[in-house]
There are 2 protein chains.
Amino acid sequence: MRIVVLAGGIGGARFLRGLQRASPEADITVIGNTGDDIHLFGLKVCPDLDTVMYTLGGGINEEQGWGRTDETFHLKEELAAYGAGPEWFGLGDRDFATHIVRTQMLSAGYPLSAVTEALCDRWKPGVRLIPMSDDRVETHVAVTLPDSGERRVIHFQEYWVRLRASVAAEAVVPVGAEQAKPAPGVLEAIAEADVILFPPSNPVVSVGTILAVPGIREAIADAGVPVVGLSPIVGDAPVRGMADKVLAAVGVESTAAAVAEHYGSGLLDGWLVDTVDASAVERVEAAGIRCRAVPLMMSDLDAAARMAQEALTLAEEVRGA
Amino acid sequence: MRIVVLAGGIGGARFLRGLQRASPEADITVIGNTGDDIHLFGLKVCPDLDTVMYTLGGGINEEQGWGRTDETFHLKEELAAYGAGPEWFGLGDRDFATHIVRTQMLSAGYPLSAVTEALCDRWKPGVRLIPMSDDRVETHVAVTLPDSGERRVIHFQEYWVRLRASVAAEAVVPVGAEQAKPAPGVLEAIAEADVILFPPSNPVVSVGTILAVPGIREAIADAGVPVVGLSPIVGDAPVRGMADKVLAAVGVESTAAAVAEHYGSGLLDGWLVDTVDASAVERVEAAGIRCRAVPLMMSDLDAAARMAQEALTLAEEVRGA
């Protein structure tokens, strides 16, 4: 079975680990979000790609969900001593190596997709990980700074990591997305997929950014195979992260049903909501999307595997319908 | 008193620390060798500049004489795990920060001299450290590889660090030196100097490379102030490093007297040899260079300070003559 998964960072990566457990024989292609990529200290940092790669490759810091295990931060301390910022982005000594190798390969002319493949040669994540695009796309967020009242457009990471989404996101713009082309292999993987899954990743700045690359949304809608998603919202709040902040920016209420409607029946065939949101099933189905209420808390690998199995089961239901 | 010092790495740096002790009120400008600079992992590494900066700024690993104190090597381990070479150059996690900041500033368009000044803003070495040139100069060494018999021209660091100078250097070429211009401030510092010193640095690949930048040798010869050097060779062997290997490549025997003659009386007014080489004094003076035999083993800071004081004393003798 060929499965395509559109993944952001931590939620996507943990779901993927569950999917590998639930369907060990599946041929999985991950289309990774690169909208939260950022250039820091002259290096190209791809947080979501790395979170997927480290998580599936056994190098992730399990507790925080991002960055490397057994990590030190000496380089970062020294950068701060030089007054070289920003200090709010937590790059560890081991993690830096990934960004250095990536940047060196990009400088040598390799596209990000080829670089990602080379990095995965080491990590062996057990999936094919492709960035959504080899072109630069950077999600920016319009905010009003609370102290100065100044309206500014800032990089998503500055909004998410530095400000901890503490102010309202007035707009979320994937800068460069309109001009971006899907990376080699993305459309082919979608066209050849038996199932397409949206993990409980952020519907705006993770899955939404991938869908903003022209051609990807259309390819998924036209693939003619079940497309099933899992709600990142449980009981009207994000399972993790601050998805509600960016949902508000695109005028979507922070509920499991509203996110399904946001994707829409033109894209989504099936949707899983948590059991606490069972009352949403009717509304989602009324929107033309088959819906089931199952436990959606990814508390451990077993829970993630059960969620992945529920998604695959719903996909088979959709296919048989 | 304004003192200009032409410095390589470890020997130059330790001598400078002695000079600061011997002459705390002096205004010291260091013209640093950049011929052993190397690009590694997309980063610009300046080993000699950094050794001077770290040594005078209190950040040096005292035992090995280069690199940072309290250092870790996690980033390097990870690069090796990615198969990204070379592995023979020992970059530590803290040290990497210097190269990252430097590379970022160079990429932003700052010349190396301005970058070095910015890095020194943190380290406060107590001297003005200027690279010999803002232009790229890289010392290359012609060797015959012992296993294959192949003749190759390799970067100085590969010769020095990877091969440990274990094969004969057939030629030493400061690639780019002929086209290089002295960095801003170099010729001015020489013109305004009261004394010019050559520490016991390598006469070929450290001081020799600095002198290979057109204009610097001439400026020193024309400065009209005492130029005094200290022999890096004691008892026919280098005090540290493998200076004999590269002296052979330029046809200079590995003795204190031969090195003085190599610099020549057109450049050098005074020369210090070690007490074990007292018999060389006559030969050096016959070459028109005033010479004294004093202890030249820089075993600690006091010894380095005494050597610096001897050099300044000899300079005053030259001036009074």
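Let's start where the two chains meet: helix α3(A) packs against helix α4(B) with the axes 7 Å apart and at an angle of about 45°. Because that angle falls outside the ranges for roughly parallel and roughly perpendicular, α3(A) counts as oblique to α4(B). As for handedness, α3(A) passes α4(B) in a right-handed crossing. Keep in mind throughout that this is a predicted model.

Who actually touches whom here? On the α3(A) side you'll find His74(A), Leu75(A), Glu78(A) and Leu79(A), and they meet Asp93(B), Arg94(B), Phe96(B), Ala97(B), Ile100(B) and Val101(B) of α4(B). Sort the residues of this contact between α3(A) and α4(B) by class and you get 6 nonpolar, 1 polar and 3 charged.

Now step back to the whole interface. There, 20 residues of chain A are in contact with 20 residues of chain B. On the chain A side, the elements that give two or more residues are α3 (74–81) and α4 (93–107). Of these, α4(A) brings the largest share, with 9 residues. Taken by class, the side of chain A that touches chain B has 10 nonpolar, 6 polar and 4 charged residues.

How are the two chains related? Two copies of a chain are, in general, related by a rotation about an axis and a shift along it. In this model, a turn of 180° and a shift of 0.0 Å along the axis lay chain A on chain B with an RMSD of 0.0 Å. That is the relation of a two-fold axis. If you want to find the axis on your screen, look for Asp93(A), which comes closest to it of the residues of chain A, with its C-alpha at 3.1 Å. Asp93(B), as it happens, is one of the α4(B) residues that α3(A) meets. The symmetry shows in the interface too: 100% of the interface residues of chain A are also interface residues in chain B, so the copies meet through the same surface.

Let's follow α4 back into its own chain. In chain B, helix α4 (residues 93–107) also packs against helix α5 (residues 112–123), at an angle of about 140° and with the axes 10 Å apart. Angles over 145 degrees would count as roughly antiparallel, and α4(B) and α5(B) are therefore oblique to each other. The crossing of α4(B) past α5(B) is right-handed. The α4(B) residues in this contact are Thr98(B), Val101(B), Arg102(B), Met105(B) and Leu106(B), while α5(B) supplies Leu112(B), Val115(B), Ala118(B) and Leu119(B). This contact of α4(B) with α5(B) divides into 7 nonpolar residues, 1 polar and 1 charged. Notice Val101(B): it takes part in the contact with α5(B), and it also meets α3(A) from the other chain.

Another helix pair is worth a look, this time in chain A. The axes of helix α1 (residues 10–22) and helix α2 (residues 47–57) of chain A come within 9 Å and cross at roughly 30°. Angles under 35 degrees count as roughly parallel, so that is the label for α1(A) and α2(A). Their crossing is right-handed. From α1(A), the contact takes Ile10(A), Gly12(A), Ala13(A), Arg14(A), Leu16(A) and Arg17(A); from α2(A) come Thr51(A), Val52(A), Thr55(A) and Leu56(A). By class, the contact of α1(A) with α2(A) has 5 nonpolar, 3 polar and 2 charged residues.

That leaves the strands. In chain A, 7 of them make an open sheet with parallel pairing, in the order β5-β2-β1-β9-β10-β13-β14. At the edges sit β5 (128–131) and β14 (290–293) of chain A, each pairing on one side only. From one strand to its neighbour in this sheet, the turn is 20° on average, direction ignored. For a close-up, take β10 (residues 227–230) and β13 (residues 270–273) of chain A, a parallel pair joined over 3 bridges. Within β13(A), Gly270(A) is the bridge partner of Val228(A).

Chain B has its own open sheet of 7 strands, in the order β5-β2-β1-β9-β10-β13-β14 and with parallel pairing. Here you can zoom in on β13 (residues 270–273) of chain B, which runs parallel to β14(B) and is joined to it by 4 bridges. In β14(B), Arg290(B) is the bridge partner of Gly270(B).

Technical notes:
Residues are numbered from 1 along each chain as its sequence is written. Chains are lettered from A and ligands numbered from 1 in the order in which they are written. This is a predicted model: local features need pLDDT of at least 70, side-chain atom pairs count only at pLDDT 80 or more; totals for chains, interfaces and linings use all residues. Axes are lines fitted to C-alpha atoms, for helices over the stretch in contact, and angles run from 0 to 180 degrees between N-to-C directions. Angles under 35 degrees count as roughly parallel, over 145 as roughly antiparallel, 65 to 115 as roughly perpendicular and the rest as oblique. A crossing is left-handed if the near helix is turned anticlockwise from the far one by less than a right angle, and right-handed if clockwise. Two residues are in contact if their C-beta atoms, placed from the backbone, lie within 7 Å. Ala, Val, Leu, Ile, Met, Phe, Trp, Tyr, Cys and Pro count as nonpolar, Asp, Glu, Lys and Arg as charged, and the others, Gly among them, as polar. Two strands pair if DSSP finds at least two bridges between them. Copies are superposed by least squares on the C-alpha atoms of residues with pLDDT of at least 70 in both.
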